[in-house]
Amino acid sequence: MNEARDRMLKEVMALDFMAIELNLYLDTHPYDQRAVMVFVDTARRAKMARENFERMYGPLMASSSNSFPWPWIENPWPWDVQ
Amino acid sequence: MWVYEKKLEYPVKIKNCNPRLAKYVITQYGGPDGELAASLRYLSQRFSMPIEVAKATLNDIGTEEMAHLEIIGAIVHQLTKDVPPKVLEKEGLGSYFADHDRAVYPVNAAGSPFTAAYIQSKGDPIADLVEDLAAEQKARATYENLINMMDDPDVIDPLRFLREREVVHFQRFGEVLRIVQEKLNEKPYFVKKPDFMNVSPAAANMGPLTGVSPVSNVSPAAISPISNVSPISNVSPAAVSPASMGKPSFVSPAEAEKPAAPFMNPFSGVSPAATGKK
């Protein structure tokens, strides 16, 4: 297992999770302006972390696959024992 | 629609196989309070939700439950990968192995296959949301049972994460239920009938019963016929002068939603002095 890859992926996961949690909160608090600002900032950071990861280790989404041969199919898949 | 992301919502890295644990954890994959049931429940119920907040919350929590289903699947997969059939049999997974090898299949802890009878989708937002609140509590309790039986921190860690998510979802559903009830209890009268004050106390008492929801947390003050029209609970019907009664007046929705300020008033001509008391 690749520790550097792991660390970068965890950063993406942590930021994406923050975005999920803020998203659910905002669903029932749509007028919380501060939370909207935190969400926008989190989403921006998550996007940067994702792009950094993908440059190094390949696509996290099929739509960001941009090399040949088709890199989307490559292991590891999320449930694989590593 | 959905788009797949090639990662889990929370990491699962189990170093030691342990089919005994897999046999129990799989109930959160295909059991009555599991993630598949949760996901199908919310994603089905969302179609008949009446307001934006409810549609969004059911949609987004239903989506998150799919990520949880994947986490449970990963745990079961990693706990059973390459375990010899003899060991599986000894650990109580013999019948499972006969039908499914080490594949992940939605069953409960006792091996019964998943059924849609685990969920309901009623077309009644209060009925559905109250079921959702119960579902989150049952799922939380199940995770606690599982955590109490586990002895591997690699398994306990993601289960703790999932348990916490149930608590957050319960909170969000509680907020949605409150907002939906408030919406359903609104009486959007913009023009008063001239005789609207002639409501007998007996009829006033019918208020909460004729409301949409029997479980509304309406305070006694809010039950009076007047406050059904506006939230001014400090104006008693008796104190309103008859002179004000013949004239229909306009109450904007914005006004009707404001809490009882002394003078946002659908009863034109009623002053605080005229009401006699506060």
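**Exercise 1.** Which side chains of chain A and chain B meet in a salt bridge at 2.9 Å, N to O?

*Solution.* In this predicted model, local features need pLDDT of at least 70 and side-chain atom pairs count only at pLDDT 80 or more, while totals for chains, interfaces and linings use all residues. Residues are numbered from 1 along each chain as its sequence is written, chains are lettered from A in the order in which they are written, and side-chain values use heavy atoms, with hydrogens and water left out. A salt bridge is a side-chain nitrogen of Lys or Arg within 4 Å of a carboxyl oxygen of Asp or Glu, and the pair sought is Asp16(A) with Lys7(B). Between chain B and chain A the count is four salt bridges.

**Exercise 2.** Describe the contact between the chains.

*Solution.* Start with the residues in contact (heavy atoms within 4.5 Å): 31 come from chain A and 30 from chain B. On the side of chain B that touches chain A, 14 residues are nonpolar (Ala, Val, Leu, Ile, Met, Phe, Trp, Tyr, Cys and Pro), four are polar (those neither nonpolar nor charged, Gly among them) and twelve are charged (Asp, Glu, Lys and Arg).

**Exercise 3.** Check the length of helix α1 (residues 3-28) of chain A.

*Solution.* A helix here is a DSSP run (H or I, at least four residues), numbered from the N terminus, and its expected span is 1.5 Å times one less than its number of residues. The 26 residues of α1(A) should therefore span 38 Å, and the end C-alpha atoms are 38 Å apart, which agrees. At the N-terminal end, Asn2(A) caps α1(A), with a side-chain oxygen 3.0 Å from the backbone nitrogen of Ala4(A).

How values were computed:
Helix = DSSP H or I, 4+ residues; strand = E, 2+ residues; numbered from the N terminus. Polar contact = N/O pair within 3.5 Å; in protein donor to acceptor, adjacent residues only side chain to side chain.
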